[in-house]
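Me: Please take a close look at one strand of this model. I want its burial, its partners and any disulfide that involves it.

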Amino acid sequence: MLELILATPAFLIIMLAIVEISLIYVAIEQTAYASRYAAKIASETPGGSINALNTGPLKTSVDRVLNTGGLPLGSCRVILEHNVSVPTTINDPVVAAPNCDCTPPVTSLPVVAGSVTTESVRTTVCVPLDGNIPDFLSSFGFSIQNYVVEESTTFSYEL
């Protein structure tokens, strides 16, 4: 009986850690999928309306994908970068939520592939873990409250 009393808390912590790590992995995979989905939408949008894409429709589409994937709060920020018909433009008119520490990659968009000039789009999707997955281990001192998953995808512009 004493062994059971001593082993149960350790077993419980290990089981909660396994579940929470699994949920974090799912959140990372769903964020990567949402980023690819957003990049596909942006790469197929006509050049004249690509700047208007990130004022709402892109974030709404990304949040719908994340909600379907099991992340109820969706994204805290969706950033669209492109070099379609103009120098690199970053569209991020949506004010980021508090504790959404997320920035696009510092690398520039690909401009030349071989000897051909290409146009590219890059989307960065940021998803806070707090509220999207349960914080099982916070009572043991391991909280996910201030962590944000960030995934970026770059596609060639197709139109």
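Reply: What follows is a look at strand β5 and the cysteine links.

This is a predicted model, with residues numbered from 1 along each chain as its sequence is written. Local features need pLDDT of at least 70, side-chain atom pairs count only at pLDDT 80 or more, totals for chains, interfaces and linings use all residues, and side-chain values use heavy atoms, with hydrogens and water left out.

Strands (E, at least two residues) and helices (H or I, at least four) are DSSP runs, numbered from the N terminus. Buried means under 20% relative accessible area, with a 1.4 Å probe and protein chains only.

Strand β5 covers residues 120–128. Nine of its nine residues are buried, so β5 is largely enclosed by the rest of the structure. Ser-120, Arg-122, Thr-124, Cys-126 and Pro-128 point one way. Val-121, Thr-123, Val-125 and Val-127 point the other way.

Two strands pair if DSSP finds at least two bridges between them. Strand β1 (residues 77–82) pairs with β5 in the antiparallel sense, over six bridges. There, Ile-79 stands opposite Thr-124. Strand β6 (residues 148–156) also runs antiparallel to β5, joined by nine bridges. Val-148 in β6 is the bridge partner of Pro-128.

Now the disulfides, each a pair of cysteine sulfur atoms within 2.5 Å. The count is two. Cys-102 is joined to Cys-126, S to S 1.5 Å. This pair links distant parts of the chain, 24 residues apart: Cys-102 lies in the loop between β2 and β3, Cys-126 in β5. Cys-126 is buried at 0% relative accessible area, and Cys-102 at 2%. The other disulfide joins Cys-76 and Cys-100, with sulfur atoms 2.0 Å apart.

Methods:
Buried means under 20% relative accessible area, exposed over 50%, partly exposed in between (1.4 Å probe, protein chains only).
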